[in-house]
Amino acid sequence: MKKTALVVALAALGIGATQAADPAKINWAKVPAVTVTLFYPGQSSYEWLRSDAHKGASKEVKRGDSCTSCHDEEDAEKDLGEKLVKGGPLEPRPVKGKSGFKELKVQAAYDSKNAYLRFQWKTDNAFPGSEHQYLRFDGHEWKVFGFPKLDKPVQDGSEMGIYEDRMSVMIDDGKVPGFAQQGCWLTCHDGERDMPKQFTKDEAAANPLLQAIKKNDVRKYLPETRSDPSDWKTGKSVAEVEKIKAAGGFLDLIQWRAHRSNPVGMADDGYVLEFRLSDGGKDMFSGNADPKTHQPKYMWDAAKVGYKSITVDKLHQADHFLIREKNAVPFDPNAGWKEGDMVPDYVVSRADASGSAADNNAIASWKDGVWTVVMVRPLALTNADDKALKPGGVYNVGFAIHDDNITTRGHHVSFVRTLGLGAKGKADIKAVKLP
Ligand code: HEC
């Protein structure tokens with residue numbers, strides 16, 4: 001073994017370096033908790049906030065005032081969320097029975113290796129949202145089964161609502177103009193999926209920036225990447241976007257996913273700039289549908305789990321994760337498939353995750369209606385698509401929870417907060433230095 005390889009191997013084992021804390025053993029009772037109220041934002045896009053419909057606030061928002069300079073009443077978030085979730089101009093497709101707000105308990109700690117972010121919240125359902133979409137055999141072919149609750153077929157009752165729970169954090173180190181004041185709303189635009197004036201396939205196909213980055217829909221983006229910040233179609237050139245990225249003008253986006261990252265003890269690692277992108281390398285999840293045959297690529301290993309597929313009546317009765325290196329085998333098209341057989345639409349793998357996309361670990365549990373998630377984020381990352389967290393640093397953060405089988409804007413979100421790692425100045429959430 002070469003010397004450098006040995007040093008790397010020892011470092012991975014924590015030998016020769018200060019030991020990182022075992023996140024399962026941190027005494028969280030000693031770490032102060034901050035409660036952040038997250039609310040249902042409906043379609044309150046960047047564009048809506050700057051329009052006359054945002055009563056008497058368009059000028060101030062355009063000028064860059066913070067949301068909380070006006071929305072500062074005690075129950076501001078709760079009141080906004082409870083109003084918006086019921087439907088109206090900002091919510092054309094209300095989800096029946098959805099809660100308007102979520103109380104998120106946040107705790108933070110760090111040592112010489114990692115930052116540890118602990119989150120707790122109550123789920124609307126009496127089960128953890130760890131199921132995700134399936135591939136279902138209809139007697140002839142395999143089709144996606146289960147959709148997020150904002151989708152029309154779920155709303156009209158023709159499809160079942162199935163989508164994983166998520167806990168997301170956006171991080172800015174002060175280099176994204178406006179994030180400290182207006183947070184996640186900088187990324188939320190008309191034209192995106194489930195937003196007003198949603199892109200059409202033709203519009204996406206005709207867009208030079210989307211063509212250049214090989215995307216066919218519109219997702220979160222930062223205003224700076226457009227020549228008109230309110231028009232997704234006016235993308236700057238890839239070279240200009242690269243310049244913004246090199247100067248740090250992007251947001252880190254960490255998403256803990258109850259189905260697609262949790263089974264392998266991870267949270268994904270992405271960033272928002274001209275699109276919502278995954279970091280370099282490979283995510284811990286991949287689609288399980290073969291694009292050519294439309295058949296699954298993997299099924300469960302019956303020798304290990306006792307079944308090769310499930311049926312709809314088995315949902316929520318156990319964990320239904322398909323983990324490549326643990327309980328999956330290549331799909332056998334001749335295994336006697338019957339109508340109604342289902343295998344997960346995604347396969348998860350820690351072994352296949354790599355590079356910058358594989359930076360974040362997590363541990364989580366769901367008990368008595370409450371998720372507890374601890375994200376483990378290495379300090380001082382040097383990847384071009386990461387925000388490096390460092391002792392002494394203060395960061396602007398936004399939180400989001402996707403609860404009860406939903407995606408896109410169907411989340412609860414926070415106004416921006418600050419997270420300090422042993423910083424002298426003040427921060428809303430102060431990370432405690434672990435012994
Ligand atoms: C200059 C003051 C001001 C600023 C700054 C401001 N707002 Fe508002 N906002 C208002 C007022 C006034 C209303 C209408 C009364 C209400 O519902 O609270 C409103 C309403 C809203 C609504 C609810 C709309 C509805 O249908 O009831 C949302 C959502 C909202 N604001 C979000 C934001 C966000 C996000 C920001 C920061 C990007 C922000 N506001 C900044 C004053 C402001």
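In this predicted model, G248 takes a positive phi of about 85 degrees just after helix α9. The helix itself spans residues 238-246. Within α9, V241, I244 and K245 are buried. These buried residues cover an arc of only 100 degrees around the axis, which puts them on the same side of α9. An α-helix has 3.6 residues a turn, so residues three or four places apart point the same way. The face of α9 turned away from the buried side carries exposed residues, namely A239, K243 and A246. Strand β8 (268-272) is included in what covers the buried residues of α9.

Helix α4 (76-84) also has a buried side. Its buried residues are A76, E77, G81 and L84. Seen down the axis of α4, they fall within an arc of 120 degrees, so they line one face of the helix. Two strands, β1 (34-39) and β19 (417-421), pack against these buried residues.

The ligand contains an iron atom, which is coordinated by H54 and H71. Each histidine coordinates through NE2, at 1.9 to 2.0 Å. The two come from distant parts of the chain and are 17 residues apart. H54 sits in the loop between α2 (46-49) and α3 (58-63). H71 sits in the loop between α3 and α4. The iron site has six donor atoms, with angles of 85 to 178 degrees among them. Its geometry is octahedral.

The two histidines can also be described by their accessibility. H54 has a relative accessible area of 11% and is buried, because buried means under 20%. H71, at 24% relative accessibility, counts as partly exposed.

Around the ligand there are 20 residues. The closest are H54, C67, C70, H71 and K83. Three of these also place polar side-chain atoms by the ligand. An N or O atom in the side chain of H54 is 2.7 Å from a nitrogen atom of the ligand. For H71, a polar side-chain atom lies 2.8 Å from a ligand nitrogen atom. For K83, a polar side-chain atom lies 2.6 Å from an oxygen atom of the ligand. The elements that give two or more residues to the shell are α2, α3 and α4. Of the elements, α4 gives the most, with three residues. Helix α4 thus appears twice in this account: its buried residues pack against β1 and β19, and the helix contributes three residues to the shell around the ligand.

Note on methods:
Residues are numbered from 1 along each chain as its sequence is written. This is a predicted model: local features need pLDDT of at least 70, side-chain atom pairs count only at pLDDT 80 or more; totals for chains, interfaces and linings use all residues. Side-chain values use heavy atoms; hydrogens and water are left out. Donors are N, O and S atoms within 2.8 Å of the metal (3.2 Å for Na, K and Ca); water is not among the atoms, so sites may look incomplete. Four donors count as tetrahedral if all angles lie between 85 and 135 degrees; four count as square planar and six as octahedral if opposite donors are over 155 degrees apart and all others between 65 and 115; anything else is irregular. Helices (H or I, at least four residues) and strands (E, at least two) are DSSP runs, numbered from the N terminus. Buried means under 20% relative accessible area, exposed over 50%, partly exposed in between (1.4 Å probe, protein chains only). The arc is that of the directions from the helix axis to the C-beta atoms. Contact means heavy atoms within 4.5 Å. A residue is near a molecule or strand if one of its heavy atoms lies within 4 Å of it. A polar contact is a pair of N or O atoms within 3.5 Å; within protein, one must be able to donate a hydrogen and the other to accept it, and residues adjacent in sequence count only if both atoms are side-chain atoms.
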